Amino acid sequence: QVQLVESGGGLVQPGGSLKLSCVASGLTFSSYIMGWYRQSPGRQRELVADITYGGRTNTADSVKDRFTISRDNAKNTVYLQLNSLRSEDTAVYYCHGKWGPRDVWGQGTQVTVSS
């Protein structure tokens, strides 16, 4: 079964950091563009960043100076490093994989930024 499993979310203070991980199984990892999305109450789900198998990245302007996406193809894992976190970064963060018409979503991991 195709599955994406996120981890690393939690409660952090403003200015703090987290590193999210997403482990993929049941798919050909090399065929997928991997990405991270987030969604807060009352907002649309938005793309945070994505990355190709070869390492080309695309990051939303709102976070590009603070967040970094990466992947370890040998481990079938994609990461999102979150630095200088702000309260407005609070959201459920979802791992995503796309290959042509195929869309695979993780269950999400909660990131809460609060003092």
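A residue counts as buried under 20% relative accessible area and as exposed over 50%, with partly exposed in between. Thr28, at 45% relative accessibility, therefore lands in the partly exposed class. Keep in mind that this is a predicted model. As for the fold, there are 0 helices and 11 strands, so what follows is a tour of strands, hairpins and loops.

**Overall picture**

- Going along the sequence, the pattern reads β-β-β-β-β-β-β-β-β-β-β.
- The radius of gyration is 13 Å, which agrees with the value near 13 Å that a compact globule of 115 residues would have.
- Along the principal axes, the C-alpha trace spans about 40 × 25 × 25 Å.
- Of the 115 residues, 38% are buried.
- Among contacts with a separation of 6 or more, 53% link residues 24 or more positions apart.
- The protein exposes about 6200 Å², and carbon and sulfur atoms supply 44% of that area.
- On the charge side, there are 12 positive and 9 negative side chains, and the centres of the two sets sit 3 Å apart.

**Strand 1 and its partner**

- In a regular strand, side chains alternate between the two faces of the sheet.
- Strand 1 covers residues 3-7, with Leu4 and Glu6 on the covered face, while Gln3, Val5 and Ser7 make up the uncovered one.
- Strand 1 pairs with strand 3 (residues 18-25) in the antiparallel sense, over 5 bridges.
- Within that pairing, Val5 has Val23 of strand 3 as its bridge partner.

**Strand 8 and its neighbours**

- Strand 8 is largely enclosed by the rest of the structure, because 5 of its 6 residues are buried.
- Strand 3 pairs with strand 8 in the antiparallel sense, over 6 bridges.
- Strand 7 (67-72) also pairs with strand 8 in the antiparallel sense, over 6 bridges.
- Leu82 in strand 8 is where these two pairings can be followed to a single residue: Leu18 stands opposite Leu82, and Phe67 stands opposite Leu82 as well.

**Hairpins and positive phi**

- The hairpin of strand 7 and strand 8 has 4 residues between the strands.
- Asn76 belongs to the loop of that hairpin, between strand 7 (67-72) and strand 8 (77-82).
- Asn76 has a positive phi of about 50 degrees although it is not a glycine, and at 26% relative accessibility Asn76 counts as partly exposed.
- Ser84 is found in the loop between strand 8 and strand 9 (91-99).
- Phi of Ser84 is positive too, near 50 degrees, in a residue other than glycine; its relative accessible area of 40% makes Ser84 partly exposed.
- Strand 9 pairs with strand 10 (residues 102-105) in the antiparallel sense over 4 bridges, and His96 stands opposite Trp105 in strand 10.
- The hairpin of strand 9 and strand 10 has 2 residues between the strands, and Gly100 there takes a positive phi near 55 degrees.

**Thr28 in its loop**

- Thr28 is in the loop between strand 3 and strand 4 (33-39).
- Thr28 and Gly100 are 72 residues apart along the chain, with 13 Å between their C-alpha atoms.

**Two buried residues to look up**

- Gly97 is in strand 9 and is buried, with a relative accessible area of 0%.
- Leaving aside neighbours within four places in sequence, the contacts of Gly97 include Leu4, Tyr32, Ile33 and Met34, along with Arg102, Asp103 and Val104.
- Gly97 and Ala24 are 73 residues apart in sequence, yet 8.8 Å apart in space, C-alpha to C-alpha.
- Ile51 is in strand 5 (residues 46-51) and is buried too, with a relative accessible area of 4%.
- Not counting residues up to four places away in sequence, Ile51 touches Ile33, Met34, Arg56, Thr57, Ile69, Ser70, Arg71 and Val78.
- Val78 is 27 residues from Ile51 along the chain, and their C-alpha atoms are separated by 8.6 Å.
- Ile33 and Met34 turn up in both contact lists, that of Gly97 and that of Ile51.

Note on methods: Residues are numbered from 1 along each chain as its sequence is written. This is a predicted model: local features need pLDDT of at least 70, side-chain atom pairs count only at pLDDT 80 or more; totals for chains, interfaces and linings use all residues. Side-chain values use heavy atoms; hydrogens and water are left out. Buried means under 20% relative accessible area, exposed over 50%, partly exposed in between (1.4 Å probe, protein chains only). Two strands pair if DSSP finds at least two bridges between them. The radius of gyration is taken over C-alpha atoms; the globule rule is 2.2 Å times the number of residues to the power 0.38. Contact means heavy atoms within 4.5 Å. Accessible areas come from the Shrake-Rupley method with a 1.4 Å probe; for residues, only the protein chains shown count as cover. Lys and Arg count as positive and Asp and Glu as negative; His and the chain ends are not counted. The place of a charge is taken as NZ of Lys, CZ of Arg, CG of Asp or CD of Glu.
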